[in-house]
Amino acid sequence: MATIITEISKYLIIFFMVLYTIKCFTVLKPVREDKKNHALNVQIVYVFIIHFLCYLTLFLKYKTISIVIFYLLQMIVSIVYMVSYHGIYKKSSRLITNNMSFLLLIGYVMLTRLDFDLAKKQFAFATITLVITAFIPLVIMKCKNLKNWDIFYAILGIGFLITVFVPFLGVSKYGSTNWIQIGSISLQPMEFVKIIFVFFLASALNKAKGFKDYIKVTLVSGIFMLILVAEKDLGGAAIFMMIFIMMIYLATQKTMILIGGLGGAAVIATVGYSLLKDKFSHVTTRINAWLDPFSYINDAGYQICQSLFAIGSGGMEGRGLGKGLPTAVPVASSDFIFSAICEELGVVFALCLILMYISCFIYFINISMKIRNSFYKNVAFGFTICFIFQTFLNIGGVTKFIPSTGVTLPLVSYGVSSVVSTLFLFGIIQGICVLENNGVGGNEEQTVYKQSNHEEVFSGE
């Protein structure tokens, strides 16, 4: 009987995942408010059905009451959060809350399957963070001077980044010195500094009047990225570089900035790798494994080969929760959790997950374009790029589309620093959405989004 239930559940999970994903895009269309609310309510039903079926499957496999208790705790937190959040902030986005909650729940499901202790730890930190981030819209509404703190953001961000070089505080993992250890807690400063970096760029670009100001912004941004290179955290450096290029492009609205920035980044990466590859042995290993993983299957290419085997063995419908071998992939609970999802929940489920991330990206972009306040427009856009580019780096590395960069899949992979920082990212975007929907998103200096300044950026004036 248990086998029949789990097999039926496997296909029902895929079916409701497809329906949920369709709703992610239908609610983006301009429809009547009552229809949109109905679609969002149906979405929540799909979330809880999928969540229940996943934990039913896990319970039937492991037959432990702790799984039932953990499932009930997740349900309580999710329901209380959704009801209370939208009760307090009536102008907040339910789609953001739905997607954020669902991504967290998918992460809990997979971590319960892979490492129950990590799942419980992730749940505890995420729950605490949800309580804290619930105050972010209020802070955004009350604090009017956040746009003026560019120097503070720069000092705070750079100062926090260099803590990894403090003796007995910085820790090296997987070839990079980008962690700090405080007692039994490990933190990755880059995950938090990327939020500060976006605020720095948004504030500095909001103040920029001409070419000299943009040069200053570039120099300070370069310091952030050079520190990350010194930490050997090239995945983090790539995220910061992409955020910088795209936010400069938004501020100047010049296509040559985008083309030149992306081209320049490619040249710098190629030349830098050629000159410094002996000092970045872990990067060389990852690139060799990416180029020809099967030639290094017993060492450097083992991880990516196992990832590809896992994705291929899962097929379209997956092998079912608990029926695969996801732990055969090193670091399956964090960097390579997407391959575990493909193996046990199927490629169809994984593709729907990608589309869910894309729906978040589209909605974030809509918020960025709609907000009239130039500072928060920059902030929302910067976070949008940060979120979708990190998603691309993770999934691209797992599927061998690009070399592995060691970044996590937002809200799904295990990683306290990553989950906490991403929840803050969602909370800030939600706060910007509330700000705009309450009709207070404009500012006195933005009539046409500083168009006259943009036209003079490279005129030397």
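1. At what angle do α8 and helix α17 (residues 416-437) pack, and how far apart are their axes? The angle is about 25 degrees and the axes are 8 Å apart. Axes here are lines fitted to C-alpha atoms, for helices over the stretch in contact, and angles run from 0 to 180 degrees between N-to-C directions. α8 is therefore roughly parallel to α17, a term for angles under 35 degrees (over 145 is roughly antiparallel, 65 to 115 roughly perpendicular, the rest oblique). On the α8 side the contact is made by Glu-191, Phe-192, Lys-194, Ile-195 and Phe-199; α17 contributes Ser-417, Ser-418, Val-420, Ser-421, Phe-424, Leu-425 and Ile-428. Contact means heavy atoms within 4.5 Å.

2. A note on the basis of these values. The model is predicted, with local features needing pLDDT of at least 70 and side-chain atom pairs counted only at pLDDT 80 or more, while totals for chains, interfaces and linings use all residues. Residues are numbered from 1 along each chain as its sequence is written, and side-chain values use heavy atoms, leaving out hydrogens and water. Helices (H or I, at least four residues) and strands (E, at least two) are DSSP runs, numbered from the N terminus.

3. Helix α8 (residues 189-207) also packs against helix α10 (residues 234-252), at about 20 degrees and with axes 11 Å apart. This pair is therefore roughly parallel as well. The crossing of α8 and α10 is right-handed, meaning that the near helix is turned clockwise from the far one by less than a right angle (anticlockwise would be left-handed). Residues of α8 in this interface include Met-190, Val-193, Phe-197 and Leu-201; among those they meet in α10 are Phe-240, Phe-244 and Met-247. Lys-194 is listed in the contact with α10 and in the contact with α17.

4. Gly-157, in helix α7 (residues 150-161), has 0% relative accessibility and so counts as buried. Buried means under 20% relative accessible area, exposed over 50%, and partly exposed in between (1.4 Å probe, protein chains only). Beyond its neighbours within four places in sequence, Gly-157 is in contact with Val-193, Ile-196 and Phe-224. Its C-alpha is 8.1 Å from that of Lys-194, at a sequence separation of 37 residues.

5. Three strands form an open antiparallel sheet in the order β1-β2-β3. At its edges are β1 (170-173) and β3 (185-187), each pairing on one side only. The twist averages 45 degrees from one strand to the next. Pairing requires that DSSP finds at least two bridges between two strands. Three bridges join β1 to β2, where Lys-173 has Ser-176 as its bridge partner. Strand β2 (residues 176-182) is also joined to β3 over three bridges, and Ile-182 stands opposite Ile-185. The β2-β3 hairpin has two residues between its strands, and Gly-183 in the turn has a positive phi of about 65 degrees.

6. The largest nonpolar core has 142 residues, and Leu-353 and Val-379 have the most contacts inside it. Such a core is a set of buried Ala, Val, Leu, Ile, Met, Phe, Trp, Tyr and Cys residues joined through side-chain atoms within 4.5 Å. Not counting residues up to four places away in sequence, Leu-353 touches Met-17, Leu-103, Ile-106, Phe-338, Ile-341 and Leu-409.

7. Glu-343, in helix α14 (residues 337-345), counts as buried because its relative accessibility is 3%. Apart from neighbours within four places in sequence, its contacts include Ala-310, Ser-313, Arg-319 and Pro-326.
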